[in-house]
Structures are given as C-alpha cells and as structure tokens.
Amino acid sequence: SRKEAEAARRAEMKRPKTRKEQAQQQRNLRMAQRDRQNAALSGKGTTADLPLRDQGPARAMTRDFVDRRRTIAEFMLPLLLVILVLSFFKNPTIVSFVFTTWIALIFAIIIDETFLVIGLKRELKRRFEPAQIKGATFYAILRTTQIRRLRLPHPAIKIGEPLRDRY
C-alpha cells in the first residue's frame with residue numbers, strides 16, 4: 001500500500017543511530033543493487049542496471065553483432081579440454097594430432113576473430129560516433145570466447161537474425 005511504501009522510504013532515508021545499523025543499511029543497499037544488476041544481466045531488469053562495461057547502445061549493438069553468428073572461439077574451451085585430455089597419451093600419433101589440432105585451432109580463431117572485428121568496426125562506424133565506439137572491439141572479442149549459453153547479459157538475438165535498425 002501507499003502507507004507502507006512511504007514508511008519504507010522514510011526508514012531508508014532515516015540516518016542510522018549506531019555504526020552497526022549504518023553497516024547493515026549499507027549492506028542492504030549493496031544487496032539490492034546486486035539483485036538489480038543480476039536481474040538486468042539475466043534479461044529481466046532494465047539496461048540502466050547493467051554493469052558499466054555493458055551499458056550503452058554501442059555495447060548493445062556489439063552484443064547483438066557477436067550473438068547473431070557462431071564463432072570458433074566459443075568452442076575453444078571444450079576443444080581445449082579435449083586437447084588437454086589427449087595430451088596425456090604418449091602415443092606419437094596422438095601427440096602429433098594434438099599439436100596439429102592446437103595450431104589449427106589458434107589460426108582458425110585468429111582468422112575468425114579478424115573477420116568479426118572488421119565487420120564490427122564497419123558497422124559501428126556506420127551507426128555511432130567515435131567516442132561511443134571506444135572499447136567495443138575488445139568487448140566483442142571477450143564475448144566471443146564465452147560459451148553462448150553462459151554469456152551475460154544473455155543473448156537477445158538468435159543466430160542468423162539481422163541487427164536491429166536502432167540501438
């Protein structure tokens with residue numbers, strides 16, 4: 001009710017009497033902020049509650065640009081796990097295969113990321129001012145190395161979908 005909301009607001013604004021009360025009040029504020037941020041990262045909150053590194057229209061466009069396609073880098077972690085397990089075998093054929101796969105994976109990721117960054121920079125320059133673009137390419141590279149299901153904020157666009165017109 002309105003009466004309860006006003007009482008809660010007054011209690012929040014009331015200055016705490018002791019150091020313990022003040023610490024408890026600050027802890028409650030931090031927990032509320034963290035809950036809002038987690039809700040925003042999971043797609044249920046507002047974009048204003050996102051962490052600073054994820055805020056802004058250029059970052060939203062960067063996320064969508066990365067999330068609309070599959071990249072080799074997102075499979076890097078599972079492939080590295082397989083390479084690690086295979087590297088324990090002492091068979092020369094397996095060792096040769098592991099080394100070749102490792103080198104091929106590195107080159108494939110570099111080539112894939114290069115094409116992604118070129119396309120992203122072209123799209124960012126077309127849509128945004130240079131001041132808004134700062135750090136977006138590094139943000140995109142970090143996002144591509146994460147497994148799609150584990151990315152935060154969660155992908156808001158499906159694979160193959162075109163980008164929105166406005167951000």
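In the predicted model, the side chains of Asp54 and Arg53 meet in a salt bridge, with an N to O distance of 3.2 Å. The two partners differ in burial. Asp54 counts as buried, at 1% relative accessibility. Arg53 is partly exposed, with a relative accessible area of 48%.

Asp54 also figures in the surroundings of Arg63. Arg63 sits in helix α3, which covers residues 57-67. Arg63 is buried but has no salt bridge. The nearest side chain of opposite charge is Asp54, 4.3 Å away. A salt bridge requires a nitrogen-to-oxygen distance within 4 Å, so the separation of 4.3 Å between Arg63 and Asp54 does not qualify. Beyond its neighbours within four places in sequence, Arg63 is in contact with Leu50, Asp54, Tyr139, Arg143 and Pro153.

Pro153 belongs to the segment after α7. With a relative accessible area of 6%, Pro153 is buried. Residues up to four places away in sequence aside, Pro153 touches Leu41, Leu50, Asp54, Arg63, Tyr139 and Arg143. Glu129 is 24 residues from Pro153 along the chain. The C-alpha atoms of Pro153 and Glu129 are separated by 23 Å.

Tyr139 is listed among the contacts of Arg63 and among those of Pro153. Tyr139 also takes part in a charge-over-ring arrangement: Arg59 lies over the face of Tyr139, at 4.9 Å from the ring centre. Pairs between aromatic rings are absent, with a count of zero.

Pro57, like Arg63, is placed in helix α3. Pro57 counts as partly exposed, at 31% relative accessibility. Its contacts, not counting residues up to four places away in sequence, are Phe128, Gln132 and Tyr167. Pro57 and Tyr167 are 110 residues apart in sequence. Their C-alpha atoms are nonetheless 5.0 Å apart in space.

Side chains of opposite charge can pair when their charged atoms come close. The count comes to 11 salt bridges. One of them joins Glu74 and Arg151, whose closest N and O atoms are 3.6 Å apart. Glu74 lies in the loop between α3 and α4 (76-86), and Arg151 in the segment after α7 (136-144), so the pair ties together parts that are 77 residues apart in sequence. Glu74 and Arg151 are both buried. The pair is also part of a network of salt bridges that links Asp67, Arg70, Glu74, Arg143 and Arg151. Arg143, a member of this network, is in contact with Arg63 and is touched by Pro153.

Another salt bridge falls within a helix. The side chains of Arg2 and Glu6 meet at 3.2 Å, N to O. Both residues are in helix α1 (residues 2-13), where a spacing of four residues separates them by about one helical turn. Arg2 counts as exposed, at 67% relative accessibility. Glu6 is partly exposed, with a relative accessible area of 28%.

Helix α2 allows a check on geometry. This helix has 23 residues, numbered 19-41. At 1.5 Å a residue, α2 should span 33 Å. The end C-alpha atoms of α2 are 33 Å apart, which agrees with the expected value. Just after α2, Gly43 takes a positive phi of about 95 degrees. Leu41, numbered within the range of α2, is one of the residues touched by Pro153.

Technical notes. Residues numbered from 1 in each chain as written. Predicted model: local features only at pLDDT ≥ 70, side-chain atom pairs only at ≥ 80, totals over all residues. Heavy atoms only, no water. Helix = DSSP H or I, 4+ residues; strand = E, 2+ residues; numbered from the N terminus. Expected span 1.5 Å × (residues − 1). Phe/Tyr/Trp six-rings, centres within 6.5 Å; stacked < 30°, edge-to-face > 60°. Lys NZ or Arg CZ within 6 Å of the ring centre and 35° of its normal. Buried < 20%, exposed > 50% of the residue type's maximum accessible area, 1.4 Å probe, protein only. Lys, Arg positive; Asp, Glu negative; His and termini not counted. Contact = heavy atoms within 4.5 Å.
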